[in-house]
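User: Got a model open here and I'd like to walk through it with you. Can we go spot by spot?

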Amino acid sequence: MEINQQCVVALTWILKDTLGEELDVLDDPVEFLVGGDDLFARIEEGLQGHTAGDTVALHLEPEEAFGDYQDQLLFLEPRSRFPADLEEGMTIEGSALPEGSNPDAPRDVLYTVAQIYPEHVVLDGNHPLAGIALRLHLTVQGVREATEEEIGRGTAGTGFFRIQPPDADEPLLH
C-alpha cells in the first residue's frame with residue numbers, strides 16, 4: 001500500500017542535527033496517522049507515495065520542525081517555590097507551575113529545568129530541539145488503512161512530533 005492521506009504508517013528513524021550528531025534513534029516501529037496531528041507537515045509531504053521498505057531522507061528547518069528558539073519562553077523563578085529534589089533536565093507542565101509563578105509563563109507549555117541556582121531556577125519552555133535544523137532518515141516499516149476511530153481522533157495514539165503537556169500514555173520525543 002502506498003502512503004497517502006488518512007493512512008497509518010509505521011516508522012523507524014535516525015534523527016541528526018546538521019553537524020551529523022545523532023539526536024535520537026527509533027529502532028522499534030511506531031505508528032503515526034498521516035493526515036492527522038501526529039507528524040509535521042514536511043514529514044507527511046516527504047512520505048507521500050512511499051511504501052513499506054522505502055527509506056526517506058529529509059532536512060527540516062526549525063520552522064518546519066520544533067520552531068525557532070524563543071527567548072521569551074525563558075523564565076526565572078524563585079528556588080524556594082520548588083521541591084528540594086528538583087534537578088536540571090526535569091520537566092514541569094505549565095499547568096503545574098507553583099502558585100505565584102510568573103503570570104506571563106504560558107500554562108500550555110512543557111518546561112525544562114534548564115539551570116538551578118541557590119536563589120532561582122531557570123525554566124525553558126522551548127522544545128529541546130527548537131532552533132535546530134534536523135536531518136531525519138526514516139524507514140517505512142509498514143503502511144495500513146487508518147481506522148475510523150484514528151481518523152476521528154486525528155492520531156494513531158503517538159505524539160512524538162507534537163509537543164504539548166503529555167497525557168499519561170503519550171510519549172514525547174526526547
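User: Leu73 first. Buried or exposed?
Analyst: Buried. This is a predicted model, and in it Leu73 has a relative accessibility of 12%. The cut-off for buried is under 20%, so Leu73 falls on the buried side.

User: Where does Leu73 sit in the fold?
Analyst: In the loop between β3 and β4, with β4 covering 74-78.

User: And which residues does Leu73 touch?
Analyst: Leaving aside residues up to four places away in sequence, Leu73 contacts Pro106, Tyr111, Leu123, Asp124, Gly125 and Asn126.

User: How far is Leu73 from Leu58?
Analyst: Their C-alpha atoms are 28 Å apart. Along the chain, the separation is 15 residues.

User: OK, strands now. What is the order in the four-stranded sheet?
Analyst: β2-β1-β8-β3. The sheet is open, and its pairing is antiparallel.

User: Which strands are at the edges?
Analyst: β2, residues 22-34, and β3, residues 55-60. Each of these pairs on one side only.

User: What's the angle between neighbouring strands there?
Analyst: On average 25°, with direction ignored.

User: Let's zoom in on β1. How many bridges does β1 make with β8?
Analyst: Eleven, in the antiparallel sense. β1 covers residues 7-17 and β8 covers residues 134-145.

User: And how many with β2?
Analyst: Nine bridges, again antiparallel.

User: Pick a residue in β1. What are the bridge partners of Trp13?
Analyst: In β8, Trp13 is matched with Leu138. In β2, the partner of Trp13 is Leu26.

User: What about Leu15, which residue is its partner in β8?
Analyst: Leu136.

User: How many residues of β1 are buried?
Analyst: Nine of the eleven, so the strand is mostly covered; buried here means under 20% relative accessible area.

User: How many residues separate β1 and β2 in the hairpin?
Analyst: Four. Gly20 is in that turn, with a positive phi of about 90°.

User: Switching to charges. How many salt bridges are there?
Analyst: Five in the structure. As background, side chains of opposite charge can pair when their charged atoms come close.

User: Take Arg42. Which residue is its salt-bridge partner?
Analyst: Glu64. The closest N and O atoms of that pair are 3.8 Å apart. Arg42 belongs to helix α1, residues 41-47, while Glu64 is in the loop between β3 and β4, so the bridge ties together parts that are 22 residues apart in sequence.

User: What is the accessibility of Arg42 and of Glu64?
Analyst: Arg42 has a relative accessible area of 26%, which makes it partly exposed. Glu64 comes out at 29% and is partly exposed too.

User: Next, Glu77. What does Glu77 bridge to?
Analyst: Arg81, with 3.3 Å between the closest N and O atoms.

User: Is Glu77 buried or exposed?
Analyst: Buried, at 3% relative accessibility. Its partner Arg81 has 33%, so Arg81 counts as partly exposed.

User: And Arg153, which residue does that one pair with?
Analyst: Glu149, and the closest N and O atoms lie 2.8 Å apart.

User: Where are Arg153 and Glu149?
Analyst: Both are in helix α2. They are four residues apart, about one turn of the helix. Arg153 is partly exposed at 42% relative accessible area. Glu149 is exposed at 55%.

User: Which residues make up the salt-bridge network?
Analyst: Glu31, Arg144 and Glu150. Salt bridges with shared partners join them.

User: Last stop, Thr155. Where is Thr155?
Analyst: In the segment after α2, which spans 148-153.

User: Why does Thr155 count as buried?
Analyst: Because its relative accessibility is 18%, and the limit is under 20%.

User: What polar contacts does the Thr155 side chain make?
Analyst: One joins the side chains of Thr155 and Asp38, at 2.4 Å. In addition, a polar atom of the Thr155 side chain is 2.8 Å from the backbone nitrogen of Gly157.

User: And what does Thr155 touch overall?
Analyst: Leu33, Asp38 and Glu150, not counting residues up to four places away in sequence. Asp38 is thus listed here as well as in the side-chain polar contact, and Glu150 is also part of the network with Glu31 and Arg144.

Definitions and conventions. Residues numbered from 1 in each chain as written. Predicted model: local features only at pLDDT ≥ 70, side-chain atom pairs only at ≥ 80, totals over all residues. Heavy atoms only, no water. Pairing = 2+ DSSP bridges. Helix = DSSP H or I, 4+ residues; strand = E, 2+ residues; numbered from the N terminus. Axes fitted to C-alpha atoms, helices over the stretch in contact; angles between N-to-C directions. Buried < 20%, exposed > 50% of the residue type's maximum accessible area, 1.4 Å probe, protein only. Contact = heavy atoms within 4.5 Å. Polar contact = N/O pair within 3.5 Å; in protein donor to acceptor, adjacent residues only side chain to side chain. Salt bridge = Lys/Arg side-chain N within 4 Å of Asp/Glu carboxyl O.
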